[in-house]
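Reader: I've got a model open and I'd like to learn how to read the way its helices pack. Could you walk me through it?

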Amino acid sequence: MTFRIDLRLMRNDIHDSRLAVKLINSNLDWFFFDEPITITQHQEFMERSITRGDKPFVIEKNGISCGTIGLYAIDKKSASTQWGHFTIDSQHQGIGTIAEYMLLDYIFLENKFDYTYCHTLATNQTMIHLQEGKFGFTREATLAKHVIKKGQHFDVFKFGLTSIKWTKQRQKFSGLTPFIGKVKT
Ligand SMILES: CC(C)(COP(=O)(O)OP(=O)(O)OC[C@H]1O[C@@H](n2cnc3c(N)ncnc32)[C@H](O)[C@@H]1OP(=O)(O)O)[C@@H](O)C(=O)NCCC(=O)NCCS
């Protein structure tokens with residue numbers, strides 16, 4: 001069945017905040033902190049984020065808000081950006097690959113960045129599979145014992161991808177074309 005994925009800028013309103021808080025709190029195992037966050041904390045984060053010039057997106061499937069992904073630590077001078085805050089509602093899993101493909105095109109084709117990177121817990125097999133296995137990221141660093149969760153240390157992997165590599169390999173995702181909507185900024 002065909003469906004369409006769009007990325008639209010996250011708003012600092014109650015609707016988007018409820019979505020983001022729900023998605024973060026239901027995936028706490030994969031975040032670098034342990035405690036559930038509140039709507040107020042998220043709205044304060046969004047205020048700082050907007051001031052910094054981040055680009056947080058809501059992922060929509062046929063207009064239904066069902067995930068988050070975004071650019072953080074944008075560095076125009078060095079033409080690089082971190083990306084992350086990647087979640088898909090458990091009812092809609094299976095669309096993460098499409099959302100990530102759209103974000104990478106937005107980073108490299110639309111914004112002409114040279115490099116992007118993300119961090120993930122070394123225990124997150126889904127992210128390792130997606131970044132190293134599917135999208136051709138290079139595992140550039142292991143940040144040893146970088147995070148403490150529930151009193152236990154966890155390593156963190158840094159994955160990086162250059163625009164040259166993305167341009168060479170993006171064609172292999174041509175099967176996703178029917179599902180690609182717009183990145184609305
Ligand atoms: C990461 C996430 C956003 C990806 O979205 P998604 O809709 O699940 O993504 P997709 O289904 O398109 O792709 C997931 C891939 O990982 C694979 N996968 C799933 N669980 C896996 C596991 N335990 N080990 C290895 N690979 C796994 C899937 O098979 C799929 O690969 P394939 O298409 O080659 O078969 C989503 O899984 C999620 O919200 N996870 C929890 C939050 C999280 O970990 N966020 C990242 C924080 S750094």
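Author: Sure. Start with a cut-off: an angle of 65 to 115 degrees between two axes counts as roughly perpendicular. Keep in mind that this is a predicted model.

Reader: At what angle do helix α1 and helix α2 pack?

Author: The angle is about 110 degrees, and the axes of α1 (residues 14-25) and α2 (residues 39-52) are 9 Å apart. The two helices are therefore roughly perpendicular to each other.

Reader: Which residues make that contact?

Author: From α1 you have Ser17, Arg18, Ala20 and Val21, while α2 brings Ile39, His42 and Gln43. Sort these contact residues by character and you get 3 nonpolar, 3 polar and 1 charged.

Reader: Okay, zooming out. How many helices and strands does the chain have?

Author: There are 5 helices and 8 strands. Read from the N terminus, their order is β-α-α-β-β-β-α-β-α-β-β-α-β.

Reader: And how does the radius of gyration fit a compact globule?

Author: The idea is to compare the chain with what its length would suggest. For 185 residues a compact globule would come out near 16 Å, and the chain has 16 Å, so the two agree. The C-alpha trace spans about 45 × 35 × 35 Å along its principal axes.

Reader: What share of the residues is buried?

Author: Of the 185 residues, 29% count as buried. As for contacts with a separation of 6 or more, 62% are between residues 24 or more positions apart.

Notes. Residues are numbered from 1 along each chain as its sequence is written. This is a predicted model: local features need pLDDT of at least 70, side-chain atom pairs count only at pLDDT 80 or more; totals for chains, interfaces and linings use all residues. Helices (H or I, at least four residues) and strands (E, at least two) are DSSP runs, numbered from the N terminus. The radius of gyration is taken over C-alpha atoms; the globule rule is 2.2 Å times the number of residues to the power 0.38. A residue is buried if 20 or more other C-beta atoms lie within 10 Å of its own, exposed if 12 or fewer, and partly exposed in between; C-beta atoms are placed from the backbone. Two residues are in contact if their C-beta atoms, placed from the backbone, lie within 7 Å. Axes are lines fitted to C-alpha atoms, for helices over the stretch in contact, and angles run from 0 to 180 degrees between N-to-C directions. Angles under 35 degrees count as roughly parallel, over 145 as roughly antiparallel, 65 to 115 as roughly perpendicular and the rest as oblique. Ala, Val, Leu, Ile, Met, Phe, Trp, Tyr, Cys and Pro count as nonpolar, Asp, Glu, Lys and Arg as charged, and the others, Gly among them, as polar.
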